[in-house]
Amino acid sequence: MPSSEKLSWFLTAAERGNPRTRIDADHPGDQAWSTGNVVRPLVHGRTYFAELFERIEATRAGDLVYFTDWQGDADERLTGEPGSEVVDVLGRADERGVDVRGLVWRSHSEALGFSSGENRRLGKELQDRGAEALLDMRVRMGGSHHQKMVVIRHRGDATRDIAYVGGIDLCHSRRDDADHAGDRQALQMAAEYGSTPPWHDLQAAISGPAVRDVETVFRERWQDPTPLSRSPINLLTDVVRRLDRSPDPLPEQQPAPPAVEGGTHAVQLLRTYPDLRLGRDYDFAHGGERSVARGYSKAIGNARRLVYVEDQYLWGTRIGDVFTRALHDNPDLHVIVVVPMHPDKEGFNRTAQLLGRRRAMLEMLGAAPDRVAVYGIENHAGTPVYVHAKTCIVDDTWATIGSDNFNRRSWTHDSELSAAVVDLAEEGSFAQYLRLTLAAEHLDRDDVHDCADPSVMFEAYARVAADLDRWHASGRLGDRPAGRLRRLEPPRLGPVQRLLAAIPYRVVHDPDGRPRPIRGTDRF
């Protein structure tokens with residue numbers, strides 16, 4: 001496929017639909033991406049955290065480290081060893097003269113199952129160490145800042161600059177690996193996941209000109225003039241706790257890093273920002289931005305052979321519609337989805353989440369029952385693995401790694417950031433490499449070259465899941481079959497359950513953050 005045809009999978013600046021943003025200002029014409037990059041997929045938190053530790057420890061005076069976080073734990077150890085705690089690593093960097101800045105979502109109350117206390121602790125402890133980490137609550141009611149990124153730039157040596165974008169927060173439970181024994185610093189989750197919940201996640205390491213684009217995402221939020229929180233209660237508690245609420249000016253942004261030698265990856269950043277309403281809109285996104293939804297819709301609309309998804313959620317009819325249209329239009333198209341076997345929480349919230357999954361799955365399976373398969377994964381001990389990765393791979397051409405999930409909340413309501421990658425090399429592709437890397441883990445195979453054929457991979461996943469499902473059904477008699485995949489069917493919910501869960505699902509779990517004129521439509 002010619003490079004020009006591959007690049008046509010990206011959104012143009014006009015298609016992004018946000019004339020207020022500066023993110024594409026340095027790109028020529030209507031181009032909304034950068035070329036000459038190298039993107040490395042970092043599978044699992046242990047891999048990401050170990051590299052992040054080394055990169056931050058190597059920074060020196062005059063460098064900068066900017067980060068955003070949905071959930072942060074000051075004491076999470078990036079390497080598992082004392083001294084590698086998040087607050088110590090970032091604090092030491094600031095003390096060396098590194099410009100350390102962070103935007104941490106303020107979070108809803110812990111009484112509602114959120115992480116306001118730990119997020120506040122991370123911000124306060126970093127501020128006490130001299131770093132400027134602010135609690136950001138510029139969101140819709142019930143919304144969140146869900147972006148997870150780190151930007152590291154080096155004074156005098158831009159070739160070392162790097163950015164990380166993906167689904168991994170700087171918090172507990174994320175430091176797991178392919179064995180999926182879980183992070184010893186664990187969050188409490190649903191009983192099915194045990195005391196140290198296994199965790200499957202993904203982050204992209206970006207080198208090249210796209211680093212500046214990621215930095216621009218941070219700068220736009222940091223420099224937005226809207227108060228970090230409009231709540232008088234938050235104002236009072238911040239005064240009492242002596243928390244900084246005023247972002248200091250940022251240094252002048254440096255030019256983009258040079259293209260990486262041999263770098264064949266074109267990178268486009270996709271974002272979600274909600275319509276904040278009542279004159280409270282972001283200065284850089286009036287009416288919001290929904291390039292995540294637009295980018296995914298365009299790419300899946302181009303799909304002809306295989307859409308591969310790993311996602312924390314798969315919710316709702318509007319999301320199912322994107323797949324349904326593609327399946328109807330392309331009789332050779334197959335869809336593989338890997339999601340958690342169980343929601344992360346117990347109680348009534350679980351029913352609402354299952355309702356959203358049921359709706360999406362029924363639509364997709366109704367369109368092509370033999371060409372859609374949804375799986376969960378487990379470790380070799382039989383414990384379910386919580387899938388927190390957010391990736392979508394379309395026809396081995398277009399791939400994303402980011403913070404957004406396949407639901408209306410991520411596509412319209414919360415802040416999100418995803419890196420879409422198209423490989424311009426004549427042979428091989430980033431997308432296929434990522435797909436086969438994930439397949440090797442889930443199939444328990446070192447050699448997955450046969451899975452380069454999408455139909456072979458679809459059948460391999462089905463066969464491994466069927467073998468493992470039969471082994472469980474037999475009471476686990478005999479040797480455990482190879483593989484980690486378990487086939488999932490649409491959740492069974494009675495009519496009363498569906499009725500009771502419908503309102504909290506729409507209002508709390510999967511709200512609509514679009515401007516009022518396009519709500520209830522298929523427009524983003």
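## Strand S12, covered on both sides

Let's start in the middle of a sheet. Strand S12 has both of its faces covered: His-334, Ile-336 and Val-338 are buried on one side, and Val-335 and Val-337 are buried on the other. Five of the five residues in this strand, which spans residues 334-338, are buried, so the rest of the structure largely encloses it. Bear in mind as you look around that this is a predicted model.

Which strands pair with S12? One is S11 (residues 306-310), which runs parallel to S12 and is joined to it by five bridges. Within that pairing, Glu-310 has Val-338 of S12 as its bridge partner. The other is S13 (residues 372-378), again parallel, with four bridges to S12. Here Val-335 is matched with Val-372 of S13. To get from S12 to S13, the chain goes through helix H10 (residues 348-367), and this β-α-β crossover is right-handed.

## The loop leading into S12

Just before this strand, have a look at Pro-331, which sits in the loop between helix H9 (317-329) and S12. Is Pro-331 buried or exposed? With a relative accessibility of 62%, Pro-331 counts as exposed, since the cut-off for that label is over 50%. The C-alpha atom of Pro-331 is 8.8 Å from that of Arg-305, although the two residues are 26 apart along the chain.

## Two nonpolar cores

In soluble globular proteins, nonpolar side chains tend to be buried together. In this model, the largest nonpolar core has 61 residues, and Leu-443 and Tyr-461 have the most contacts inside it. Helix H12 (residues 430-443) gives the largest share of this core, with seven residues.

What does Leu-443 touch, once its neighbours within four places in sequence are set aside? The contacts of Leu-443 are Val-448, Cys-451, Ala-460, Tyr-461, Val-464, Ala-482, Gly-483 and Leu-485. Another core lies apart from this one; it has 43 residues, including Trp-9, Ala-299, Phe-323 and Ala-367.

## Aromatic pairs

Searching the whole structure turns up 21 aromatic pairs. Take Tyr-375 and Tyr-461: their ring centres are 5.8 Å apart and their planes meet at 70°, so this pair is edge-to-face. The pair ties together distant parts of the chain, with Tyr-375 in strand S13 and Tyr-461 in helix H13 (residues 454-473), 86 residues apart. Both of these tyrosines, Tyr-375 and Tyr-461, are buried.

Trp-411 and Phe-524 make an edge-to-face pair too, at 5.6 Å centre to centre and with 75° between the planes. This pair also links distant parts of the chain: Trp-411 is in helix H11 (residues 408-413) and Phe-524 is in the segment after helix H14 (495-509), 113 residues apart. Both Trp-411 and Phe-524 are buried. They belong to a cluster, linked by ring pairs, that also takes in Tyr-296, Phe-323, Trp-398 and Phe-406. On top of that, Arg-514 has its charged end over the ring of Phe-524, 5.1 Å from the ring centre.

## Helix H4 and its surroundings

Now for a helix. H4 (residues 86-95) has seven of its ten residues buried, so it is largely enclosed by the rest of the structure. The buried residues are Val-86, Val-87, Val-89, Leu-90, Gly-91, Ala-93 and Asp-94.

What do the buried residues of H4 pack against? Their partners are two helices, H3 (45-57) and H5 (116-128), and two strands, S2 (64-69) and S3 (99-105). After H4 comes Gly-97, which has a positive phi, near 100°.

## Positive phi outside glycine

Two loop residues are worth a click. His-180 is not a glycine, yet its phi is positive, near 55°. His-180 is found in the loop between strand S6 (162-166) and strand S7 (199-200). Its relative accessible area is 0%, so His-180 is buried.

Asp-444 has a positive phi as well, about 60°, and is not a glycine either. Asp-444 lies in the loop between H12 and H13. How accessible is Asp-444? With a relative accessible area of 28%, Asp-444 is partly exposed.

Methods: Residues are numbered from 1 along each chain as its sequence is written. This is a predicted model: local features need pLDDT of at least 70, side-chain atom pairs count only at pLDDT 80 or more; totals for chains, interfaces and linings use all residues. Side-chain values use heavy atoms; hydrogens and water are left out. Buried means under 20% relative accessible area, exposed over 50%, partly exposed in between (1.4 Å probe, protein chains only). Two strands pair if DSSP finds at least two bridges between them. A crossover is right-handed if, with the strands pointing away from the viewer, the path from the first strand over the helix to the second runs clockwise. A nonpolar core is a set of buried Ala, Val, Leu, Ile, Met, Phe, Trp, Tyr and Cys residues joined through side-chain atoms within 4.5 Å. Contact means heavy atoms within 4.5 Å. Rings of Phe, Tyr and Trp (its six-membered ring) pair if their centres lie within 6.5 Å; planes under 30 degrees apart count as stacked, over 60 as edge-to-face and the rest as tilted. A charge sits over a ring if NZ of Lys or CZ of Arg is within 6 Å of the ring centre and within 35 degrees of the ring normal.
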